[in-house]
Amino acid sequence: MIPMFTVTGVVVRLFHEKQRAIAEDWRTAGEVNLKAGRAKEAIEDFRSALLYSPDSALLQLELAQALAEQGQMDEAQNYLFNLRTRDPENAQINLELARISARQGNADAATTYYHDAMYGHWGENAHDHRLAAREELIEYFLKTGRRDSARAEALSMAVENPADPEVRAQAGAYLLNAGDASSALAEFRRTERLEPGNLTALAGAGKASLALGDFSGAARYFTEALERGAKDPEIARERDAAAQAVELDPFVANLTDTERRRRVLQVFRAAEERAKACLPGVFAASPASIPDNLKNLAAQRAALPKQIAVGDLT
């Protein structure tokens, strides 16, 4: 009897090993197809793998990912909900649920699952995964117009990574996109102190200064970025625009009255030329042809001399 039990045990073990090998082959094929954007084929691969390893949480998770990619949200969620019931702290499961909720337009659920993913269990490289999840959430908020929520997450991102210049510069960029130029500038400055000469921080500080109307500061940051090797032609264009704005700014301290009036007139003429190109109706010869929404502006311009000189501003 003992040899029979031994032989049976060996056969059973070999059978299970064969089952696992077949499941692994199908799983590998599914991962290749999913990575290549062939979600439909990946679904079939993962389903085949589950025939040989039906209790595999990894296979169920990967099948859910492929189903979501294919747009089969309900089935994907069913797999993920079942997995989450068994392992609620699993960060990858929560991240997939967050992505599905975001695609479905369920902002509250998406936010909850993203936070669960950020603070859940990641295993290896937990910090990098948590940071990536937070960035994904911020980008979701920005995309959907939730700028206050994006700002709050960006500030938390900076606070939780005080010594990482790359993360702090990225937080500054998110803050700028969220409409908080003042906090963005502060982050870019902190980044530059952590890593002097950081081109991302210098360019970002220039953009934030522009948004705050500090043209002199913007020109200074952009100039330093270019001097330190920045290659983006947009930085040079923004530097030139900021420098030109400094030259035209009538509110700079210590200007003479004549120079201040000259600058006001120069700005007015530039604005008028742009208005002629963009709003020709304001300058129509016949008042009857002026659109109703532009009549007040046209009347204000008509009340001024046709050719304004510096002396007219005294």
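1. Helices and strands are here runs assigned by DSSP, where a helix has at least four residues and a strand at least two. With that in mind, the protein, which is a predicted model, has 15 helices and zero strands.

2. Taken as a whole, the protein has 314 residues, and buried residues make up 36% of them. Its accessible surface comes to about 18400 Å², and 54% of that surface belongs to carbon and sulfur atoms. If one looks at the contacts with a separation of 6 or more, 43% of them are accounted for by residues 24 or more positions apart.

3. A useful residue to begin with is Glu187, which is found in helix H10, a helix covering residues 181-194. Glu187 counts as buried because its relative accessibility is 4%, and the cut-off for buried is under 20%. When the neighbours within four places in sequence are left aside, Glu187 is in contact with Ala158, Arg168, Gly172 and Leu175.

4. A second buried position is Ala225, which belongs to helix H12, made of residues 215-227. Its relative accessible area is 0%, and therefore Ala225 is buried. Not counting residues up to four places away in sequence, Ala225 touches Leu199, Leu202, Ala203, Ala230 and Ile235. For one of these partners, Ala203, a distance can be added: the C-alpha atoms of Ala225 and Ala203 are separated by 6.2 Å, although the two residues are 22 residues apart along the chain.

5. Turning to the surface, the student may wish to find Trp26 in helix H1, which runs over residues 2-35. Trp26 has a relative accessible area of 33% and is therefore partly exposed, since that label covers values between the 20% limit for buried and the 50% limit for exposed. Together with Leu51 and Tyr52, Trp26 makes a nonpolar surface patch of about 310 Å².

6. The aromatic rings deserve a separate point. A pair of such rings is described by the distance of the centres and the angle of the planes. The count comes to one aromatic pair, and this pair is formed by Tyr140 and Phe141, with 6.0 Å from centre to centre and 40 degrees between the planes, an arrangement classed as tilted. Both Tyr140 and Phe141 are buried.

7. Finally, a ring can also have a charged group over its face, and here the residues to inspect are Arg220 and Tyr221. Arg220 lies over the face of Tyr221, at a distance of 5.3 Å from the ring centre.

Methods:
Residues numbered from 1 in each chain as written. Predicted model: local features only at pLDDT ≥ 70, side-chain atom pairs only at ≥ 80, totals over all residues. Heavy atoms only, no water. Buried < 20%, exposed > 50% of the residue type's maximum accessible area, 1.4 Å probe, protein only. Contact = heavy atoms within 4.5 Å. Patch = residues over 30% accessible without salt bridge, like charges linked within 9 Å, V, L, I, M, F, W, Y side chains within 5 Å. Areas by Shrake-Rupley, 256 points an atom, 1.4 Å probe, with all protein chains shown as cover. Salt bridge = Lys/Arg side-chain N within 4 Å of Asp/Glu carboxyl O. Phe/Tyr/Trp six-rings, centres within 6.5 Å; stacked < 30°, edge-to-face > 60°. Lys NZ or Arg CZ within 6 Å of the ring centre and 35° of its normal.
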